[in-house]
Every structure is written in C-alpha cells, then in structure tokens.
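Here is a short briefing to read alongside the structure. Have the coordinates open, and follow the helices as you go.

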Amino acid sequence: MIQTFFNPEIIAASWPIVLSGLLNTILLSLIVVPLGLFGGLILALLAGVKTPWVRWPLMAWVDFFRAFPPLVLLVLLFAGLPFAGLELSGFACVAIAFFLNTGSYYGEILRAGIDSVPGGQVEAARSTGLSRLQAMLYVVLPQAVRNVMPDLLSNTLEVVKLTSLGSVVAVPELLYQARQAQSLTYNPTPIVVAAIIYFLLLWPLVRLLSRLENRALAGRR
Amino acid sequence: MSPAVSSWDRFLETFFNAKVMVKYWPDIAYGMLVTVELAVLVVISGLAAGLFLALIRSLAIRPLNWLIVFVVDLFRALPPLVIIVLIYFGFPSIDVTPSGFVSTWMSLALVLMAFSEEIFWAGITSVHKGQWEASRSTGLSFGQTLVNVVLPQALRLTIPPLTNRTIAITKGTALGSVVAVSEILGQASSAVSNSYNPSPLILGAAAYLVLFLPVVVLGRWVEKKWSWKR
C-alpha cells in the first residue's frame, strides 16, 4: 500500500516537477484572484446604476456566467477560438475564463456587501462634500468589504481550488505536473503528494472559514 | 459590402453550422441525460451523507467528532478535480477500477457531503440550548428532540446557503469529461474533434444553460425568500 501510494523513491524523483507545479499554482492564483476581484468590483459598481438599461443586461450577464460551469467556458475558449483564427495559450484562456466566471461570483458578493451599508452613510458622506466616487471608495466599500468578508474568503478558496482546471488546457500547475509525473512513473504517488500539498496549502483557510461561517449563521437568531 | 457579409457567413458556418448541429444533437441530448443522472445522484447521496455526519456529530462523541471535522476539512480543501483524478487513476493500482462515472459521482458527493455537513451542523448548533432542555424535560428522547424540535428549526436556516452550494457543486459534473464520462462536455468535445467544427461545443454550452439557468434563477429566488431579515 505504501509502496503504491506513498513510494519514497518516486516522491524523491518527482519532487522537482511537483514543486514547479506548486509554484505555478501559487503564481496563477496570485493573478486570477485579483483579476476576478477586479471584474467583480466593476459589476458591483455598475449594479448601483438603477437604470433598467444597465440593470437587466447586468443581471443576465451575472446569471449567465454563474450558470456556466467554468470548465465548459474554459474548453469553449481553448477549443473554440482557434476556429475563429484566434489561438490563445492555455494560460490566457484560464485568465479570461476566470475573469468572467469568478468575476460574476465576486460581483454578487460585493453587490450584497454594498447593499448592506445603510443609505444614510452615502448621504452623510455626500453632504460633507465628497463626490459620489469618493463616497463609494472611502465610505461605502470599506464597510461593504468588511460585511461580506467570510463570503469573499470562501469564494477565494474556491478560486484557488479552481486553478486545478488549468491542467485540462495544459497549464503546468500542480495537478498537471503531478499527472505528468504519474504517467512517467506509472505510479499514483505524485497525485497523492499533490493532494497533500493542496490540503496543507488550503487547510488554514478552511479552518478560518469554518469558524467565521459558524459564527455568522449562529448569529442570525 | 460583400466581404463583410461573407465573413459573417463564414462565422455562422463555423460556429453555428446547422448540418453539424443536427448530426451531433443526439449525442449532446444523451450527454444531457448523463449530466442530469450524475447531478441527481450527487445531490441525493451528498446531502444525505452530510446530514448523517452532522447528526452523528450532535451526539458529541469526542474522537468521532475530530474524525468528522478532519474529513470535512479535507474535502473542503481539495479541488474536486484532484479527487476525481486520484480515484480514477489511483484506485486501479490496488485493483479497484472505478469507472469515470463512479469516480466523478464519488468525488462530487464527498465534496457536497463536506460542505453540507458544515452547513447542517451550523444550523443545529444555532438552535438555542433551552430548546433542547425544554423538550427533553417534557419527556421527549434525544432522537425525538432532534427530529421534531431541533431539525425543523435548523433546516430552515440552512436552506439558502445549502441551495447555493449544491448548485455550485452540481456544475462540477462537467469535470467528468476529464475522466471520459460521456456527459455534455465530453460528448461535445469528442464531436468537435470528429467534425473539425466547433458547433457541437456551442450546442453543449446551450445545453448547460438550458439545464442550469433555471436552477440559478431558482437559487436566487430561494435565497431571497428564505433569508433572514436583519
């Protein structure tokens, strides 16, 4: 059993490959999380515009990308765009897909956060002479982000986990590298190692979230 | 004038090729069936296992609870695709050969189990202690208290987060395409490589929208309807 799933020789041999995968996963996360947050912020700010011409297309946009499994979006970009003469790297496809998909989730969360800030705050800020943009940036957003912090963190956890989809379009992140090592060695050990790395990497965040969520749900009564 | 029209025509013929779509429609329809089948299995088994673990946890047996918390944390931290790959490519080494369908089902059910256990547990702990004491003092047993007093209150609280999480995990059925499950994405991808035309992928994308858009809208409604007013 240990020889099969936790073979020390294979761990030693595949370690450099797996490690490079880990670094790429971290790098990828550092790119796609801010990208998604940025997309979400745009959506959340646009949601403040009450004109139906903005409101309805926006809602359709968000629901559209929430209904779409991210992997389908990724494959659509990666396998579909070359037919339109647009050949993008796996990495670029991941970036675009995440911007659209996770941006929609972040957008929903931030919108809920902005809604949770009482209207009097904006009025007070405006009456002191701040512009609408200033009131949003300096008064509303900081409170909004604090109010939905657990949801933002939980979505970030999901985004980091989702970077494993990059393996499908040959982005050399942790899962992809582990699978390469597995097919070279005919042994599942590298995948087990990758799973352990994912767990160690994300466990602190899971613990933190579980505490925050328990408190949030219990606090509603 | 004419070049613009012809390039538009070429675009249509590439991405919305009627002939290709008609030819591969049965494949995609079959894929939809597999996706729905997989989704229903995942939702039922995942939620049942999650509720079961939450109930065991309420018995407050220390070592058992540590184990439950560890298992829940494990499946919350691991990406579903990693679990699928681990089961599909790892188990054959010990002479157990789960199909892609079973691997995907097991993985997603385990993930849903972990997330729903957390939510069910938070719901159960949110019911005030006095409720337990009051119903026990009227002569109800532990089990009766749990089923008739605590759970009805706990479940109501868990519905919005549970709905959203279930929808998100159900969309993971597309991951099955990585281990050769013939669900929508798998069917569409193989149709694309057979026909050298991306139209089946567009058809597959439309199939996902048909299945999941109503669910997402329903989720939005449920969230509004059951949410607690602050």
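At roughly what angle do the axes of helix α4 of chain A and helix α9 of chain B cross? In this predicted model, the answer is roughly 165°, with the two axes coming within 10 Å of each other. Here is how that pairing fits with the rest of the interface, with one helix pair inside chain A, and with the confidence values.

**The α4(A)–α9(B) pair**
- The two partners are residues 70–80 of chain A and residues 199–226 of chain B.
- Angles over 145 degrees count as roughly antiparallel, and α4(A) and α9(B) therefore run roughly antiparallel to each other.
- Their crossing is left-handed.
- On the chain A side, α4(A) brings A:Val72, A:Val75, A:Leu76, A:Ala79 and A:Gly80 to the contact, while α9(B) answers with B:Leu201, B:Gly204, B:Ala205 and B:Tyr208.
- By class, that contact consists of seven nonpolar and two polar residues, with no charged ones.

**The interface between the chains**
- Taking the two chains as wholes, 40 residues of chain A are in contact with 39 residues of chain B.
- On chain A, the elements that each supply two or more residues to this side are α1 (2–5), α3 (52–67), α4, α9 (174–185) and α10 (189–218).
- The biggest contributor is α10(A), which gives 15 residues.
- The chain A side that touches chain B comprises 26 nonpolar, six polar and eight charged residues.

**A helix pair within chain A**
- Helix α2 of chain A, residues 8–47, has an axis that comes within 10 Å of the axis of α3(A), and the two cross at roughly 145°.
- This crossing, too, is described as left-handed.
- If you want to find the contact on screen, look for A:Leu43, A:Leu46 and A:Ala47 of α2(A), which meet A:Val54, A:Leu58 and A:Val62 of α3(A).
- That contact has six nonpolar residues, with no polar and no charged ones.

**How confident is the predictor?**
- For the complex, the predictor gives an ipTM of 0.88 and a pTM of 0.88.
- Chain B has a mean pLDDT of 89, and 96% of its residues reach 70 or more.
- Among the elements of chain B, helix α3 (residues 62–77) has the highest mean pLDDT, at 94, and helix α1 (residues 2–15) has the lowest, at 74.
- As a reading tip, predicted coordinates should not be read in detail where pLDDT is low.

Terms used: Residues are numbered from 1 along each chain as its sequence is written. Chains are lettered from A and ligands numbered from 1 in the order in which they are written. This is a predicted model: local features need pLDDT of at least 70, side-chain atom pairs count only at pLDDT 80 or more; totals for chains, interfaces and linings use all residues. Axes are lines fitted to C-alpha atoms, for helices over the stretch in contact, and angles run from 0 to 180 degrees between N-to-C directions. Helices (H or I, at least four residues) and strands (E, at least two) are DSSP runs, numbered from the N terminus. Angles under 35 degrees count as roughly parallel, over 145 as roughly antiparallel, 65 to 115 as roughly perpendicular and the rest as oblique. A crossing is left-handed if the near helix is turned anticlockwise from the far one by less than a right angle, and right-handed if clockwise. Two residues are in contact if their C-beta atoms, placed from the backbone, lie within 7 Å. Ala, Val, Leu, Ile, Met, Phe, Trp, Tyr, Cys and Pro count as nonpolar, Asp, Glu, Lys and Arg as charged, and the others, Gly among them, as polar. pLDDT is the predictor's confidence in each residue, from 0 to 100.
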